[in-house]
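Here is a walk through a few parts of one structure, put together for someone meeting it for the first time. Have a look at it, then read on.

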Amino acid sequence: MPRGQLPRGRGAAMMRGPRGKINKGTFPRVIKYITKNHKKQIALVIVCIIISSLANVLGTLFLRTLIDDYITPLLSIQNPVFTGLLKAISIMACIYVVGVVSTYIYQRVMAIVSQGVLKDIRDDMFDKMEELPIKYFDTHTHGDIMSHYTNDTDTLRQMISQSLPNFLASSMSIISTVLSMIYLSPILTIFVFIFTALIMLCSTSLVKVSSKFFVAQQKSLANVNGYVEEMISGQKVIKVFTHEEIAKRDFDKINDQLFTDMYTANKYANILMPVANNLGNLEYVLIALVGTIMAINNFGGLTLGTIVSFLNLTKGFNMPIQQVSNQLNAVIMALAGASRIFEMMDEKPETDDGYVTLVNAKKVDGKLVECDEKTGIWAWKHPHHDGRLEYVEVKGYIEMEDVDFGYEPNKTVLHNVSLYAKPGQKIAFVGATGAGKTTITNLINRFYDVEDGKIRYDGININKIKKDDLRHSLGMVLQDTNLFTGSIRDNIKYGNENATDEEVIEAAKLANAHTFIMHLPEGYDTVLTNNGAQLSQGQRQLLAIARAALNDPPVMILDEATSSIDTRTEKIVQDGMDKLMDGRTVFVIAHRLSTVQNSKAIMVLDHGKIIERGSHDDLIASKGKYYQLYTGAFELE
Amino acid sequence: MLKTLSKSIREYKLPTLLTPLFVALEVVMEVLIPLLMAKLIDDGVYLGEMNAALKIGLELVIAAILSLAFGCLSGVYASKASSGFAKNLRKDLYYKVQDFSFSNIDKFSTASLVTRLTTDVTNVQQAFQMITRITVRAPLMLVISVIMAININAKLSLVLLTLLPIIAIALLLIFRYVHPIMESIFKKYDNLNAVVEENVQGIRVVKSFVTEENEKKKFGNVSKDIYNSFCKVEKIMALTSPIMQSAIYACIILISWFGAKMIVNTNMTALTTGELMTFITYSIQILSSLMMISMVVVMLTMAKASADRIYEVLVEKPNITNKEKTINTVKNGDIEFQNVSFSYVGDKEKECLDNINLKINSGETIGLIGGTGSGKSTLVNLIPRLYDVTEGAVKVGGVDVRDYDIKSLRDEVSNVLQKNVLFSGTIKENIKWGDANATDEEVVRVCKLAQADEFIKDFPDGYDTYIEQGGTNVSGGQKQRLCIARALLKKPKILILDDSTSAVDTKTDSLIRKAFREEIPDTTKIIIAQRISSVQDADKIIVIDDGKINGFGTHEELLATNNIYKEVYDSQMKGSDTNA
C-alpha cells in the first residue's frame with residue numbers, strides 16, 4: 001500500500017516547480033510540533049525503532065553463526081543432536097517476534113502521531129489565517145494560500161510519517177553495520193568507506209544533473225499546462241476564429257520541448273539505481289579478492305571466515321545509505337513546504353485595541369440602559385479614561401475627516417477625503433476603476449486602517465471601537481457574492497446563528513428572495529455547494545441582500561454588481577436593495593448611474609480625490625465630470 | 001480502452017518494446033549475481049583458492065558490467081518511451097479537443113478538459129512507465145527466483161509455497177479494507193479544501209459578518225473528521241510492514257531449521273551451506289517481488305480513473321464536421337431560418353428554439369432583444385454553425401450552412417461571443433487572430449472602427465501592450481472593444497455582436513454603431529443587447545421570448561405593437577431620459 005498517495009491538489013498546484021527555500025529554525029519547529037503533545041509516544045517510537053533495527057542486524061549475523069557454530073560442527077558427528085540448533089533458532093525466533101512487534105508499534109504509533117501533528121498544524125494554520133488582515137489576502141494569490149493546505153501539508157505528512165522513522169531506522173542499521181565491520185576488520189572497512197564515498201559521489205553528481213533537468217521539466221510542464229488551460233478556456237473563441245491549426249502548431253512546439261526535458265530528466269534519474277547497485281557489486285568482488293589475498297598471506301590477522309562475514313555486511317551496507325539519501329531529498333522538500341506554512345503562521349494578525357463595545361440597550365426614563373435581550377436599540381458602551389461609563393445610542397452617523405490612505409507606503413490612494421453621512425442618508429460613490437471607491441469602504445469597516453485623518457461613528461473614533469463590534473454594526477453587500485457550503489437557511493443566517501426561522505423568512509421576503517427560494521424543491525433547506533453555483537447570478541445577489549437584511553445594521557455598504565443581468569432580474573434585485581437601504585445610512589459604490597440619482601449626495605472620485613459632490617440635480621447643473629459620465633461621454637468601468 | 005490509449009505510442013514503439021526486454025535481461029543478471037557471489041564465497045574465499053576466486057570474481061565483474069548496461073539501457077528507453085507516450089497522448093487529446101464542436105465542449109466543461117489534459121496525463125504516464133518496467137520486473141523476478149529456489153532444493157521450496165498465499169491474502173485483505181476508506185478520505189479532503197477556498201475567497205464576508213470563530217469550528221470539524229478516518233486506516237496500514245517482516249523472518253527461521261537438518265542429515269549432499277544462504281536470498285527476493293506486485297496493482301487501480309477520463313475524450317465524436325463535398329465561398333450576407341428548432345440535449349421536450357422562421361437581407365442591421373435564457377445566443381450561434389439545428393435549416397447566402405466548408409463559413413460569419421476571452425500576448429497579436437497576414441494599417445483601422453484605437457494609443461506600449469492571461473489588465477469595456485476589433489479584421493460578410501458592448505458606455509456604443517453603418521454597410525450586422533438604446537436604430541429588431549419570435553419590426557413598430565418590447569423600454573427609460 002503506497003502511503004505516499006494523496007490527492008495532489010488541483011492542476012495549478014501541480015504546476016508549481018520545486019521552490020525550495022528553507023528558513024532557519026524550521027526543522028526544530030517541526031520537531032517541536034511533533035513532540036508537543038506526543039512526548040511519550042515519540043519516546044516509545046524511538047525505542048521501538050532501535051529494537052526493530054537491532055533485531056534486523058542480529059538476524060543477519062545469526063545466519064553466519066548458524067552455519068559456523070551449529071551446522072558445521074554437527075557435520076562431523078555421527079548422531080547429530082539438534083537441541084542446540086533448536087534452542088538457537090528458538091532464541092532467534094523470539095528476537096524476530098520482538099522485532100516485528102516493535103515495527104508494528106512504531107509504525108502504528110508514528111502514523112497516528114503524524115496525523116495528529118498534521119491536524120494540529122492544519123488547525124493552527126486555519127486559525128491564524130482567519131486572524132490575518134485583508135491585506136494578506138489582497139497580496140497573496142488564492143492558489144498560493146490553498147497550496148499551503150494541500151501540497152505543503154502533504155510533503156510534510158510524508159516526512160513525518162515516513163522519512164523521519166526511515167531515517168532513524170536506516171541510520172541505526174548503518175551505525176551497527178559500520179561498528180560490526182570495524183570490529184571484523186578495520187582495514188577492509190576503510191576500503192568499504194572509500195568505495196562508498198565513490199558511489200555517493202557518482203550518485204550525487206547524477207542527482208545534480210537530473211535535478212537540473214527536473215527543474216527544466218517542471219518549467220516546461222508549467223508552460224504546457226498553462227497553455228492548455230488558456231487555450232481550452234478560450235476554445236470557443238478558437239472555434240469561432242477557425243484558429244485550430246495555429247493552436248495545434250503552437251502547442252506542438254512547447255509539447256516537444258516538454259518531451260525533451262522530461263526524457264532527459266528521467267533518463268538520469270533512471271540510471272541512478274543500476275549505477276549505484278553495480279558499483280556495489282564491484283565493491284563486493286574487490287573486497288572478496290583483496291580479503292582473500294590478505295587472508296592467504298596472513299595479513300592483518302584475517303581469517304577466511306571473517307571475510308565471509310564481512311562480505312555479508314558489505315552487501316547490506318549500501319542499501320540503507322541509498323535510502324538515507326533518498327529520504328534526504330524528501331526531507332528537504334518537506335522542510336521547504338513547512339517553511340512556507342510557518343511563514344503564513346508568522347504573519348502579523350489583525351490587531352485590535354478597541355475598547356468601545358456594542359450592546360443591546362433599552363430606554364428607561366429617557367436614559368439608555370444596557371440589557372441582554374434584543375430590543376432593536378443598540379448602544380456603544382464607551383468606558384472613558386477617567387472611569388466614566390458612557391452609553392451612546394447607535395444611530396449610524398459617519399464622518400470622515402481629512403483621510404489619507406495608501407495600500408503601500410509612499411503610494412497614497414486617497415487624498416484628503418472628508419465627508420459625512422447623517423443617519424438614514426444615502427451617499428453614492430461614482431468614479432472610474434481605481435478612483436478609490438472601494439478603498440473608502442475598506443476604511444470604514446477597518447479592513448485597512450487610515451494613514452492620516454479620522455473616521456468617526458456616532459462621534460466615536462472607529463479606532464476605539466472593537467473591530468468585531470464595528471463590523472457587526474456595518475452591513476455589507478459586495479459585488480461578487482460569496483456563498484458558503486450549507487443550506488440556504490444557513491447562508492441567510494450567516495453571522496446571526498440565533499435568528500429564528502421567521503426572521504430568516506422575513507429577511508428573504510424583504511430581499512425579494514422568498515419567491516425563488518420557495519420554488520426550489522427543498523426550499524430553505526436547499527444545500528448550496530461551490531459558491532451557490534446552482535443559482536443564477538441574480539439569485540445569489542438576492543441571498544446576499546437577505547443575509548445583510550437579517551443582521552439589520554444601522555449602516556450599510558453596498559457594492560453594486562457589475563456583471564450584466566437581464567433587465568427583469570435586475571429590477572427585482574434593485575427593488576430588494578432599495579428596501580434594504582430604507583431607513584439606514586448607506587454607502588453605495590455605483591456602477592450604473594440610474595441607481596444613484598436619489599442619493600442624498602453623490603461623491604465623484606478621481607484618482608483618490610473627491611472632485612465633485614452634491615445631489616444629482618446639483619451635479620447635472622454644474623456640467624462637470626458627473627454630467628459627462630451621465631451623458632455617456634465616459635465609461636464608469 | 002487500452003487499445004485506444006496505446007495508439008499514442010506511435011514512433012516510440014521501439015523503446016516501448018526495448019524497455020521490458022532490457023528490464024528482463026537486467027533481472028536475469030540480478031538473479032545471476034547473488035549466485036556468483038555465493039560461488040565466490042564457497043569455491044574461492046572459503047577455501048582460500050585464489051585462482052578460483054579470481055576467475056569467479058572476473059565473471060562477477062562481467063556480470064556487474066552487463067547488469068549496469070542493461071539497467072542503464074532499460075532506464076533510458078523507459079524514460080524515452082514514457083515521455084514520448086505522454087507527449088503523444090497529450091497531443092492526441094489536444095488535437096481532439098480542437099476538433100470538438102461547441103456542444104462537445106459543453107458536455108465536458110472547460111475545467112474538466114484541462115484536468116484531463118494535465119493531471120490525468122501525468123498519472124497515466126506514471127502508470128505507463130510502471131507497466132513497462134515494474135510489471136515486467138516483479139513477476140519475472142518472482143518466477144525466476146522461484147525456479148532457482150526449486151532448483152536448489154525442491155523440498156525447501158515447499159516452505160515458500162505455503163507462505164506465499166498467506167501473505168498474498170493478507171495484503172489483499174488490507175487493500176480491500178483500506179481502499180474504500182481512502183476513497184472517502186479523498187472526498188473529505190475535497191471538503192477541507194472547499195472550506196479553505198470559501199474562506200480565502202469570501203474573507204471579506206467572513207470578516208464583515210464577524211464569523212471567524214464559527215469558520216474555525218467548521219474547519220476544525222472537517223479536519224477532525226479527516227484525522228479520525230486516517231487513524232482508522234493507519235491502524236490497519238501499519239500492519240503491512242510487520243506482515244512482510246514476519247513473512248521474511250518466518251522464512252529465514254523455517255528454512256534455517258529445515259535446511260540445517262537437511263545439510264547435517266545428508267552430510268551436505270542434498271544441500272550445502274552456501275546453497276542455504278543463496279536459498280534465503282532468493283526467498284527474500286520472492287517476497288519483495290510479491291510486495292512490489294501488490295503495490296503496482298494499487299497504483300494501477302488509482303491510475304485507471306485517470307485513464308478512463310482520458311479515454312472518454314479520445315472516443316468522443318466531434319458532432320460538427322465537414323461534408324464530403326463542400327462549398328468554399330459565401331456569396332453574400334443573406335440569412336434565412338427555415339422552420340428551425342433547436343435543443344441542446346437533442347430532446348424535443350426541452351427545445352430552446354421553437355420553429356423559427358426568419359429572413360435577413362445582406363447589409364441589414366438587426367437588433368435582438370430578450371430575457372436571459374430566451375434563446376438569443378442560441379439563435380445566433382446557429383448561423384456560423386457553432387451548433388447544428390435539431391430541425392429545419394439555416395441558410396447563409398442562400399446555402400444551407402451544413403453544405404459549407406466550416407472554415408470558409410466561419411471566416412465569413414464573425415461572432416463576437418458573450419463570454420469572450422483575450423489571450424496572453426500583445427494587443428496586436430490578439431487583434432491579428434482575425435487575420436494573421438493583416439498589415440499594421442489594417443489593425444489600426446479596425447481598432448478605430450471599434451473605438452479602441454484611442455485607449456490603445458494611451459497605453460505606454462500602444463499596440464504592443466501585453467495582455468495578461470484572460471485580459472485581466474484591461475477594463476471590461478476595453479476588452480469588449482478589442483474583441484470587436486478582432487472580429488472585424490476578418491472582414492466578414494456577417495458580424496454578430498452577442499451582448500458585446502454591455503460594459504461600453506452609451507456614447508462609445510453609439511459611435512461603434514455609427515462606424516459600422518458608415519464603414520461596413522455591406523456587412524450584415526446582428527446586435528444582441530440588454531439596452532434598448534443599443535438596438536433602437538437598427539433596421540429591424542427581433543424580440544425573442546422563450547425560444548419563439550415574439551416580434552419583428554422597427555423600433556417604432558414594436559413600441560406600438562409589442563408588449564415585451566414596450567415593457568423593457570419603459571423600465572429602461574424611466575428617469576433617465578437623457579440616457580441615449
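## Two strands side by side

In this predicted model, strand β7 of chain A, residues 426-431, pairs with strand β14 of chain A, residues 585-589. The two run in the parallel sense, and 4 bridges link them. To pick out one of those spots, find Lys426(A): its bridge partner in β14(A) is Val586(A).

## The sheet around them

Zoom out a little, and you'll see that β7 and β14 of chain A belong to an open sheet of 6 strands. Reading across, the order is β10-β13-β14-β7-β15-β16 (chain A), and the pairing is mixed. Where does the sheet end on either side? The edge strands are β10 (474-477) and β16 (609-614) of chain A, each of which pairs on one side only. If you ignore direction, neighbouring strands of this sheet are turned by 20 degrees against each other on average.

## Helices on the sheet

Now for the helices that go with it. Helix α11 of chain A, residues 437-444, lies across β7, β10, β13 (555-559), β14 and β15 (601-606) of chain A. Helix α11 runs at about 145 degrees to β14(A).

Helix α16 of chain A, residues 537-551, packs on the sheet as well, touching β10 and β13 of chain A. The direction of α16 makes about 175 degrees with that of β10(A).

## A pair of helices in chain A

Elsewhere in chain A, helix α3 (residues 39-75) packs with helix α10 (residues 304-345). The angle between them is about 155 degrees, and their axes are 10 Å apart. Since angles over 145 degrees count as roughly antiparallel, that makes α3(A) roughly antiparallel to α10(A).

Which residues make the contact? From α3(A) come Thr60(A), Arg64(A) and Asp68(A), while α10(A) brings Gly305(A), Ser309(A), Asn312(A) and Gly316(A). The crossing of α3(A) and α10(A) is right-handed.

## Chain B as a whole

Over to chain B, whose secondary structure comes to 20 helices and 12 strands. Its radius of gyration is 36 Å, well over the 25 Å that the globule rule gives for 580 residues, so chain B is more spread out than a compact globule. Along its principal axes, the C-alpha trace of chain B spans about 115 × 60 × 55 Å.

How much of chain B is buried? Buried residues make up 47% of its 580 residues. As for contacts in chain B with a separation of 6 or more, 77% of them are between residues 24 or more positions apart.

Key:
Residues are numbered from 1 along each chain as its sequence is written. Chains are lettered from A and ligands numbered from 1 in the order in which they are written. This is a predicted model: local features need pLDDT of at least 70, side-chain atom pairs count only at pLDDT 80 or more; totals for chains, interfaces and linings use all residues. Two strands pair if DSSP finds at least two bridges between them. Axes are lines fitted to C-alpha atoms, for helices over the stretch in contact, and angles run from 0 to 180 degrees between N-to-C directions. Two residues are in contact if their C-beta atoms, placed from the backbone, lie within 7 Å. The radius of gyration is taken over C-alpha atoms; the globule rule is 2.2 Å times the number of residues to the power 0.38. A residue is buried if 20 or more other C-beta atoms lie within 10 Å of its own, exposed if 12 or fewer, and partly exposed in between; C-beta atoms are placed from the backbone. Angles under 35 degrees count as roughly parallel, over 145 as roughly antiparallel, 65 to 115 as roughly perpendicular and the rest as oblique. A crossing is left-handed if the near helix is turned anticlockwise from the far one by less than a right angle, and right-handed if clockwise.
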